[in-house]
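Please walk through the structure shown below, from a single buried side chain to the chain as a whole.

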Amino acid sequence: MTTAAFDILDLGVVPYRAAWDLQHQHHDRVAQGGQPTLLLLEHPPVLTLGRKARDGQNIVVTREYLAAQHIDVLEIERGGDVTYHGPGQLVAYALFPVGRKIVDFLRLLEQATIQALTELGLPDARPNPGYAGVYVAPREVNGKVYDQKIASFGVAVKRHVALHGTGLNVTTNLDHFGLIVPCGLQATQMTSVQREYDLRGLERTASMPEAKKALADAFRSVFADYDWTVPVLAETR
């Protein structure tokens with residue numbers, strides 16, 4: 001799938017380390033003035049530690065247990081704390097020029113994800129002021145109200161071009177989030193498109209192809225008027 005502004009590559013299921021290398025290859029190309037690229041993929045189970053992870057203190061099981069479950073733990077350059085990636089989670093790596101407008105870029109990622117979720121039948125998807133990510137309506141569990149987080153965000157910017165991006169839970173095994181305190185947030189539960197369908201009594205089955213189409217369409221719409229200039233190139237002209 002392509003547009004005039006950026007390429008969209010559907011990579012299927014890719015191990016995290018291989019996808020990390022692939023991100024850097026595309027990042028280098030974009031930083032040199034190549035076509036911006038959105039990578040859509042899933043990962044086998046993995047925990048990643050962002051710059052705020054502080055040695056993984058929000059992992060609540062032992063590394064030995066994770067190793068026995070074949071779940072890697074990787075320290076990476078994105079922002080944020082610890083998060084989980086796994087099958088059924090739609091990962092979108094937007095290797096786009098950003099420059100210094102990192103907050104604006106994050107807002108656009110949120111907007112695209114919210115638009116996709118609305119298309120998927122969850123019109124209450126929204127940002128949560130003060131926190132990166134997309135949420136749906138809070139839910140009371142045993143007398144306590146929990147925020148319901150359906151998508152996580154974490155980016156790094158090098159040479160004015162973004163790395164990493166969005167993880168949208170479509171049919172993710174939410175039990176795996178019990179291995180961590182997701183993003184270090186205590187009063188937050190992770191949810192998914194399928195879980196929301198089930199809890200709301202919607203007779204729908206979440207589909208990864210449908211979610212990919214909705215997110216790709218949303219990126220095309222939200223980034224239609226985006227400034228694709230790589231600032232470092234503009235500065236040398």
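A polar contact here is a pair of N or O atoms within 3.5 Å, where one atom must be able to donate a hydrogen and the other to accept it. The model is a predicted one. By that rule, the side chain of T191 makes a polar contact of 2.5 Å with the side chain of E196. A polar contact of 3.3 Å also joins the side chain of T191 to that of R195.

T191 sits in the loop between β11 (188-190) and α4. Is T191 buried or exposed? Its relative accessible area is 0%, and buried means under 20%, so T191 counts as buried. Leaving out residues up to four places away in sequence, T191 touches V136, Q148, K149, I150, N169, L174 and E196.

The next topic is the nonpolar interior. The largest nonpolar core holds 43 residues, and the members that touch the most others are F96, F105, F219 and F223. Two or more residues of this core come from each of β2 (37-42), β6 (89-95), α3 (102-119), β8 (131-141), β9 (144-158), β10 (161-169), α4 (193-199) and α5 (208-222). Apart from this core there is a second, separate one of 14 residues, which includes V14, Y16, A19 and V46.

Which residues does F223 contact, beyond its neighbours within four places in sequence? They are F6, F96, F105, L108, L109 and W228. Several of these names return in the aromatic cluster, which is formed by F6, F96, F105, F219, F223, Y226 and W228.

The chain has 14 aromatic pairs in total. One of them is F6 with W228, a tilted pair with 5.5 Å from centre to centre and 35° between the planes. F6 lies in the segment before β1 (7-13) and W228 in the loop between α5 and α6 (231-235), so this pair ties together parts that are 222 residues apart in sequence. Both F6 and W228 are buried. For F96 and Y226, the ring centres are 6.5 Å apart and the planes stand at 45°, so this pair is tilted. The F96 and Y226 pair also links distant parts of the chain, with F96 in the loop between β6 and α3, Y226 in the loop between α5 and α6, and their positions 130 residues apart. F96 and Y226 are both buried.

Helix α3 gives residues to the largest core. The buried residues of α3 are F105, L106, L108, L109, E110, A112, T113, I114, A116 and L117. Why does the span of α3 agree with the expected one? At 1.5 Å a residue, its 18 residues should span 26 Å, and the end C-alpha atoms are 26 Å apart, so the two values agree. After α3 comes G121, which has a positive phi, near 95°.

Last comes the chain as a whole. The protein chain has six helices and 11 strands. Of its 237 residues, 51% count as buried. The exposed area of the chain is about 11000 Å², of which carbon and sulfur atoms supply 51%. Among contacts between residues at least 6 apart in sequence, 76% join residues at least 24 apart. The pair of F6 and W228, whose parts are 222 residues apart in sequence, is one example of a link over a long stretch of chain.

Terms used. Residues are numbered from 1 along each chain as its sequence is written. This is a predicted model: local features need pLDDT of at least 70, side-chain atom pairs count only at pLDDT 80 or more; totals for chains, interfaces and linings use all residues. Side-chain values use heavy atoms; hydrogens and water are left out. A nonpolar core is a set of buried Ala, Val, Leu, Ile, Met, Phe, Trp, Tyr and Cys residues joined through side-chain atoms within 4.5 Å. Buried means under 20% relative accessible area, exposed over 50%, partly exposed in between (1.4 Å probe, protein chains only). Helices (H or I, at least four residues) and strands (E, at least two) are DSSP runs, numbered from the N terminus. Contact means heavy atoms within 4.5 Å. Accessible areas come from the Shrake-Rupley method with a 1.4 Å probe; for residues, only the protein chains shown count as cover. The expected span of a helix is 1.5 Å times one less than its number of residues. Rings of Phe, Tyr and Trp (its six-membered ring) pair if their centres lie within 6.5 Å; planes under 30 degrees apart count as stacked, over 60 as edge-to-face and the rest as tilted.
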